[in-house]
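Reader: I am new to this structure and would like a close look at a single part of it. Could you take me through that part slowly, and then show me what surrounds it?

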Amino acid sequence: MQDYSYIGSELELFSQAYNWKNYYGNLIQKYLQGRVLEVGAGIGATTEFLCKGHQKEWLCLEPDPILTEKIDLKISVGRVPACCKSRVGTSADLVSSDRFDTIIYMDVLEHIKDDLTEVKTVTQHLSAGGYLIVLAPAHQWLFTPFDRAIGHYRRYNKQSLASTIPRSLNCIQLIYLDSIGLLASLGNRFVLKSKTPTKQQIQLWDKVMVPLSRSIDPILQYSLGKSVLGIWQKQI
């Protein structure tokens, strides 16, 4: 693959969003079994939360070699379980023998220009009965200068996200998360118009808004939120 360098600056900023990672992590944890592929693993911050060490293998696939070095460091010092390993590349660099029980995109698919080809390619490496999990920012009308600055091509709603998924996969769950955070996103979209949220804003969202959303989202039947979460299973 050609040399790639991630243009975003938000990875460290969001790495300590513990409540948020725990929120969606609890919703998908039961699907993270066997061999897991994490596409666009970044600096491994999400891996630290999601990988519990009982998996047979957890492959962190990341196109930026500098970010991959940070993952390797976390592996070497034990910040992530020993079942984790990294690889520089994209889904196009996977070989035919690469097979996974679960493939995850955690705030990654929106960074990929041709998302249809991406998902079609990666699902060829998903074992029968395996799961594809996608978490992405929701609602194109919330697209802000911040989205553009960190390399987002789009935001999704349920329909647009579902349209990227091959018919060989059955939808298990498709929901919105973080209804309270949606209000903050509205404020940024129409009032602040900020390219980059501050550390204080991230802490306020994670420590106050996310716990509120975690209580309110089920009451709203996961019908509102600033993120969309989809889980699909490949037909057996």
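Author: Alanine 45 lies in helix H3, and in this predicted model alanine 45 counts as buried because its relative accessibility is 9%, which is under the 20% that sets the limit for that word. Leaving aside residues up to four places away in sequence, alanine 45 touches Ser15, Lys21 and Lys74. Aspartate 98, by contrast, is 53 residues from alanine 45 along the chain, and the C-alpha atoms of the two are separated by 23 Å.

Helix H3, which covers residues 45-50, belongs to a right-handed β-α-β unit together with strands E1 and E2. Strand E1, residues 35-39, and strand E2 run parallel and are joined by five bridges; within this pairing, arginine 35 stands opposite glutamate 57 of E2. On its other pairing, E2 is joined by five bridges to strand E3, residues 84-88, and these two strands also run parallel. Here glutamate 62 stands opposite valine 88 of E3. To get from E2 to E3 the chain crosses through helix H4, residues 65-76, and this β-α-β crossover is right-handed.

How many of the six residues of strand E2 are buried? Six of the six are, so that this strand, residues 57-62, is mostly covered. In a regular strand the side chains alternate between the two faces of the sheet. In E2, Glu57, Leu59 and Leu61 are on one side and Trp58, Cys60 and Glu62 are on the other, and both faces are covered, with every one of these residues buried.

The contact between alanine 45 and Lys74 leads on to the charged side chains of this part. Side chains of opposite charge can pair when their charged atoms come close. The side chains of glutamate 48 and lysine 74 meet in a salt bridge, with 2.8 Å from N to O. This pair links distant parts of the chain, since glutamate 48 is in helix H3 and lysine 74 is in helix H4, 26 residues apart. Glutamate 48 counts as partly exposed because its relative accessibility is 27%, whereas lysine 74 is buried, with a relative accessible area of 9%. Salt bridges that share partners join Glu48, Lys74 and Arg79 into one network.

Strands E2 and E3 are also linked through side chains: lysine 85 forms a salt bridge with glutamate 57, and their closest N and O atoms are 3.2 Å apart. Lysine 85 is in strand E3 and glutamate 57 is in strand E2, so this pair too links distant parts of the chain, 28 residues apart. Lysine 85 is partly exposed, with a relative accessible area of 37%, while glutamate 57, at 19%, is buried.

The structure holds seven salt bridges, and one of them takes us further along the chain. The side chains of aspartate 115 and arginine 154 meet in a salt bridge, with 3.6 Å from N to O. Aspartate 115 is in helix H5, residues 115-123, and arginine 154 is in the loop between helix H6 (145-149) and helix H7 (158-162), so the pair links distant parts of the chain, 39 residues apart. Both aspartate 115 and arginine 154 are buried.

Helix H5 also has its place in a β-α-β unit, which it makes with strands E4 and E5 and which is right-handed. Strand E4, residues 100-106, pairs with E5 in the parallel sense over six bridges, and in this pairing methionine 106 stands opposite leucine 135 of E5. Strand E5, residues 126-137, is largely enclosed by the rest of the structure, because nine of its twelve residues are buried. With strand E7, E5 runs antiparallel, and seven bridges join the two; valine 134 has glycine 230 of E7 as its bridge partner.

Just before E7 comes a further buried residue. Lysine 226 is found in the loop between helix H9 (199-219) and strand E7 (227-234), and it counts as buried because its relative accessibility is 15%. Beyond the residues up to four places away in sequence, lysine 226 touches ten residues in the model, including Ala136, Pro137, Asp178 and Trp205. Leucine 212 lies in helix H9 and counts as partly exposed because its relative accessibility is 43%. Together with Leu204 and Val208, Leu212 makes a nonpolar surface patch of about 250 Å².

How values were computed. Residues numbered from 1 in each chain as written. Predicted model: local features only at pLDDT ≥ 70, side-chain atom pairs only at ≥ 80, totals over all residues. Heavy atoms only, no water. Helix = DSSP H or I, 4+ residues; strand = E, 2+ residues; numbered from the N terminus. Buried < 20%, exposed > 50% of the residue type's maximum accessible area, 1.4 Å probe, protein only. Contact = heavy atoms within 4.5 Å. Pairing = 2+ DSSP bridges. Right-handed = clockwise from strand over helix to strand, strands pointing away. Patch = residues over 30% accessible without salt bridge, like charges linked within 9 Å, V, L, I, M, F, W, Y side chains within 5 Å. Areas by Shrake-Rupley, 256 points an atom, 1.4 Å probe, with all protein chains shown as cover. Salt bridge = Lys/Arg side-chain N within 4 Å of Asp/Glu carboxyl O.
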